[in-house]
Structure formats: structure tokens, C-alpha cells
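Me: Got a model here that I'd like to go through with you. Can we start with the cysteines?

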Amino acid sequence: MKHAASMGVGLFVKEGSLAETKQELGYFHFLEHMLFKDSENRTSKQIATEIERVGGILNGSTSREYTQYYVISIKDKAELAFDILSDMIYRPLFREEDVKVERGVVIEEMRSYEDAPDDFVYDYYFRNIFGKSPYGRDIIGTKESVTGVTKKSIRKFYEKHYFPSNMVLSVSGNFKWDEVLRLARKYFPFENPKGKESNPIVLPSPKKHYTKHLSRRKIEQFNIMLGANGTPRNFKDVTVTQLMSTILGGGMASRLFQNIREKEGLCYSIYSFPSFYRSTGLFSISCATSKEKANQCVGLILKELDTLVKNGFTERELEDAKSNQLGGMAIGYELPENRMNNIGLQDIYFGKYYSLQERITALKSVTLDELNERAKLCFSIPEFHLSCVGDMSESAFQKIPTSL
């Protein structure tokens with residue numbers, strides 16, 4: 001990226017919460033926290049200070065299928081970025097006192113989600129639509145599992161999952177390849193421990209429960225998650241489904257925003273989003289409204305979906321969605337952080353890196369028939385899933401429609 005003054009280096013572990021056993025719930029997330037604590041060479045304060053002193057960003061995240069750690073900094077501080085990330089990943093101390101502190105931190109993080117209805121409804125939705133499947137488990141774990149984490153158990157978990165062939169190192173910026181190799185070899189030696197081979201878990205496609213669930217709370221708004229069918233993550237399906245989501249609920253010009261918010265004034269925001277995993281996928285619609293308008297709001301969303309299944313999209317909508325996606329991609333590819341994420345995730349899921357030009361070609365090749373078939377696949381189902389959080393009686397909630 002010859003134009004870039006900044007750079008990104010990310011370490012992706014090819015596993016997330018789906019790889020946990022029932023005794024390890026929340027361990028990937030807890031381990032993410034622990035790697036920001038003291039290492040062999042630095043205290044947690046030194047790790048933060050050295051990055052922030054140069055205006056850099058250090059962060060991590062845990063998902064169901066991968067875990068990520070990354071540093072964004074100016075290009076001149078690339079050596080520091082590699083050094084700190086390597087120190088965190090390869091040399092954590094796992095001190096008993098740090099484990100104890102972090103138990104409290106994660107419990108407070110859980111409480112913050114539970115107190116925020118717009119956060120809680122998302123986890124509540126996944127629990128309900130996937131049921132007892134590992135996909136339905138909270139990434140953060142449970143209070144019981146987190147309370148049970150020990151120095152010994154978290155180190156054993158770390159050694160089980162964190163080794164070179166189970167990781168992807170992703171680098172973006174104004175570098176020559178030889179410079180990237182030098183830094184990688186210096187700070188991320190590739191030797192695997194004896195007998196360790198990467199074999200990311202691929203679970204069978206879970207059953208989805210198209211049912212209705214209400215969590216009653218004395219709050220002002222009624223938070224809605226409507227769930228439909230989706231597809232697993234592969235390059236073609238991701239391209240088509242994201243185009244569909246752009247038209248349906250991807251921005252202020254989308255069908256849902258224009259017809260539910262702008263025309264009817266039923267909510268402040270409404271959007272759709274696909275979720276892609278190795279063996280399954282979801283298509284979701286989210287909004288918040290008053291309990292008095294919830295029935296009407298869901299009914300109008302379903303009406304939009306029914307119209308879409310029956311009549312399909314228009315050529316103009318497809319062309320506008322392609323233009324939207326092309327613009328977003330072009331902007332994203334100019335940012336080292338986005339490029340670093342693209343490299344890592346494409347390697348994990350596709351086993352290769354699709355360039356901007358390859359993605360543009362794939363996007364332009366999507367036909368109206370493909371788009372309309374995807375709408376039928378996602379929305380031609382007998383019932384939709386509905387998970388809601390708000391102050392409504394169960395009898396009133398049961399009257400909210402969930403079929404076209």
C-alpha cells in the first residue's frame with residue numbers, strides 16, 4: 001500500500017467459541033483478556049503505554065469461529081508493533097492475581113450487556129434461534145464458567161489452541177515483502193510444538209428454531225430481532241447476500257428504512273445483516289420501537305419481505321447496490337486496518353486472498369435472477385424467528401405476526 005502512512009499487523013487464531021467444550025465456555029474470550037495482561041517482557045501498563053505513546057491502537061476480539069489481535073500504528077513503528085504483538089501472544093505470564101482480576105472484569109462486562117437491551121437482544125436472539133447448539137452459546141460464557149477459570153485451566157487452554165499453524169499473521173502497509181518476512185521470522189517463529197497440527201472445528205449445520213421469545217423488561221423501547229434463513233460463508237454466497245442486504249436494509253436508501261422509518265415513523269433505525277459461518281448462516285433484521293407500535297412494525301417488515309419474494313428486486317436496485325458495494329470496497333481497501341482484516345479472514349475462510357479486482361469482478365457478475373433466488377431461499381419459510389426485549393404482556397406478544 002504505497003500511499004499508506006499507517007500499517008496494520010494482525011494475528012488471527014483460526015478458532016473461536018465454537019471450539020470450546022461445555023467445561024470451557026467463554027475461555028476464548030477470557031484468554032483474549034489475559035493476553036493483554038503482563039507478559040515476560042512487559043507489564044500490561046507498559047504494553048498499553050508503548051503503543052499509545054506513538055498514537056497506535058492495540059485491540060482484540062473474539063468471535064464464534066476466530067479470535068483476533070491487532071496493532072495499527074504509523075509505518076515507522078512497525079518493529080514496535082510486531083514486538084508487542086509477539087510478546088502478548090507468545091509470552092503471557094498467566095499470573096494467578098491477573099486471572100482473579102480478570103474474572104471480575106469479565107463478569108462486569110456480562111452485566112453491561114445484560115443492562116443494555118440493544119446488546120442483550122442480540123445474544124438472546126442467538127440463544128433462541130440456535131437453541132442448545134454451540135452456535136447458541138454466548139461468546140462471553142456464563143458466570144459459572146468464568147468464575148471457574150484458574151491459572152492452570154487457562155494456560156492449558158492456551159497451549160491447546162495457540163500454536164503457529166493454527167494462526168494467520170496478516171500485515172498491510174507500505175512494505176516490501178522481504179521486510180515483512182524479516183519481521184515475521186524475527187517475532188513470530190513458525191515452528192509448531194511436536195504433534196500440534198491445525199484442524200479448525202467445523203460443526204454440522206445446526207437446526208434453526210423459528211419460534212417466538214420475549215424477555216420482559218420495564219424499558220421504554222421494544223427491541224426486535226427477526227430471523228430468517230441464511231447461507232454458509234463461501235465467496236459467491238457472501239457476495240450475493242450482501243448485495244441483497246444492502247437493498248433491503250443496508251442504509252438510509254434501503255427498502256426497510258424508507259418504508260418503516262421514513263414513511264411510517266415507526267422507529268429511529270432499522271437495518272438488516274447477514275451472519276456467515278462455516279456450516280450455516282442467518283439473515284437478520286433489527287429495530288426498536290414502542291410496544292404499542294411493535295405489532296404494526298413487524299407486520300410491515302413481513303409485508304416488505306412478502307413483496308420481495310413475490311415480485312423480486314429491480315434492475316435499478318441491483319445496479320445501485322453494486323455501485324454502493326464497489327464504493328465501500330474501494331474506500332476500505334485504502335485503509336491498512338481493513339486490508340489487514342481482509343487478508344486474515346479470507347485466508348481463514350477461503351484459503352486464499354481475493355484482490356480488489358477479483359471482488360469487483362465477482363460483484364459485477366451477480367445477476368438479478370441470482371439475487372431474487374437468494375431472497376426466496378432466505379424468506380420463503382413458513383415462520384420467521386422473533387426474539388424481543390421489552391415491556392409487553394405475553395398475550396400481546398403472541399399476537400405479533402411471524403409469517404408472510
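Me: How far is the sulfur of C297 from the closest cysteine sulfur, and which residue holds that one?

Reply: This is a predicted model. In it, the closest cysteine sulfur to that of C297 belongs to C287, 3.7 Å away. That is too far for a bond, because a disulfide needs the two sulfur atoms within 2.5 Å.

Me: What about C388, how far is its nearest cysteine sulfur?

Reply: The nearest one is again in C287, at 8.4 Å, and C388 is in no disulfide.

Me: So how many disulfides does the whole structure have?

Reply: Zero, from a search of the whole structure.

Me: Are C297 and C388 buried or exposed?

Reply: C297 is buried, at 0% relative accessibility. C388 is also at 0% and counts as buried.

Me: Switching to helices. At what angle do helix 4 and helix 5 cross?

Reply: Roughly 100 degrees, with the axes coming within 5 Å. Helix 4 is therefore roughly perpendicular to helix 5.

Me: Which residues make that contact?

Reply: From helix 4, Y113, E114 and D115; from helix 5, P117, D119, F120 and D123. By class, three are nonpolar and four are charged, with no polar residues.

Me: And the loop before helix 4, where does F94 sit?

Reply: F94 is in the loop between helix 3 (78-90) and helix 4 (96-115). Its phi is positive, about 55 degrees, although F94 is not a glycine.

Me: Is F94 buried or exposed?

Reply: Buried, because its relative accessibility is 2% and the cut-off for buried is under 20%.

How values were computed: Residues numbered from 1 in each chain as written. Predicted model: local features only at pLDDT ≥ 70, side-chain atom pairs only at ≥ 80, totals over all residues. Heavy atoms only, no water. Helix = DSSP H or I, 4+ residues; strand = E, 2+ residues; numbered from the N terminus. Buried < 20%, exposed > 50% of the residue type's maximum accessible area, 1.4 Å probe, protein only. Axes fitted to C-alpha atoms, helices over the stretch in contact; angles between N-to-C directions. Parallel < 35°, antiparallel > 145°, perpendicular 65-115°, else oblique. Contact = heavy atoms within 4.5 Å. Nonpolar A, V, L, I, M, F, W, Y, C, P; charged D, E, K, R; others polar.
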